[in-house]
Amino acid sequence: MTTTATVVPPATDPTFTPPSLGRRFGALIIDWVLCLLISGLFANPSRDGWPPVVVLILEYAFFLGFFVQTPGMYLTRIRCLAWSDGGRIGPLRALLRGMLLALVVPALLMDGHRRGLHDRLTDAVITDAPRPARAGS
């Protein structure tokens, strides 16, 4: 007998508790270092400030749009889901979210669920990621 867990969208879950700002910031730092390394393959990030930002926006569009986590989010065990239904936000909303995040200010304007303006405008929320199942459990 198999049981399927019903996904409760964060917007309707009265027990929803967002992850700490420390985990979110840690994920952003990891992603930023990755973007500096990648942009260093085709530009000089210390001289040109835009290549790492473009890489970050594209990283968010790809990883959040298709996998709900950037590499930094994977390591800090958080993910980005749609606020209203708990599903993926998709590549276009992830691209918009990345562009808004690059502006920095939207991320500082948070509500009670730690949703920045970039999250609210794209119907997104950062949640804890489920821990992987352990072998033999």
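Helices, with at least four residues, and strands, with at least two, are DSSP runs that are numbered from the N terminus. The structure described here is a predicted model. This briefing covers the packing of two helices, α1 and α2, and two loop residues with positive phi values, R114 and D123.

**Packing of α1 and α2**

- Helix α1 spans residues 21-39 and helix α2 spans residues 50-67.
- The axes of α1 and α2 lie 8 Å apart, and the two helices pack at an angle of about 120 degrees.
- Angles of 65 to 115 degrees count as roughly perpendicular and those over 145 as roughly antiparallel, and α1 and α2 are therefore oblique to each other.
- The crossing of these two helices, α1 and α2, is right-handed.

**Residues in the contact**

- On the α1 side, the contact with α2 involves L28, D31, W32, L34, C35, L36, I38 and S39.
- On the α2 side, the residues that meet α1 are P51, P52, V53, V55, L56, E59 and Y60.
- By class, the residues of this contact between α1 and α2 comprise 12 nonpolar, 1 polar and 2 charged.

**Loop residues with positive phi**

- R114 is not a glycine, yet it has a positive phi of about 60 degrees.
- The loop that holds R114 runs between α5 (105-108) and α6 (117-121).
- R114 has a relative accessible area of 30% and is partly exposed.
- D123, also a residue other than glycine, has a positive phi near 55 degrees.
- D123 is located in the loop between α6 and β2 (124-128).
- The relative accessibility of D123 is 22%; because buried means under 20%, D123 counts as partly exposed.

Methods: Residues are numbered from 1 along each chain as its sequence is written. This is a predicted model: local features need pLDDT of at least 70, side-chain atom pairs count only at pLDDT 80 or more; totals for chains, interfaces and linings use all residues. Side-chain values use heavy atoms; hydrogens and water are left out. Axes are lines fitted to C-alpha atoms, for helices over the stretch in contact, and angles run from 0 to 180 degrees between N-to-C directions. Angles under 35 degrees count as roughly parallel, over 145 as roughly antiparallel, 65 to 115 as roughly perpendicular and the rest as oblique. A crossing is left-handed if the near helix is turned anticlockwise from the far one by less than a right angle, and right-handed if clockwise. Contact means heavy atoms within 4.5 Å. Ala, Val, Leu, Ile, Met, Phe, Trp, Tyr, Cys and Pro count as nonpolar, Asp, Glu, Lys and Arg as charged, and the others, Gly among them, as polar. Buried means under 20% relative accessible area, exposed over 50%, partly exposed in between (1.4 Å probe, protein chains only).
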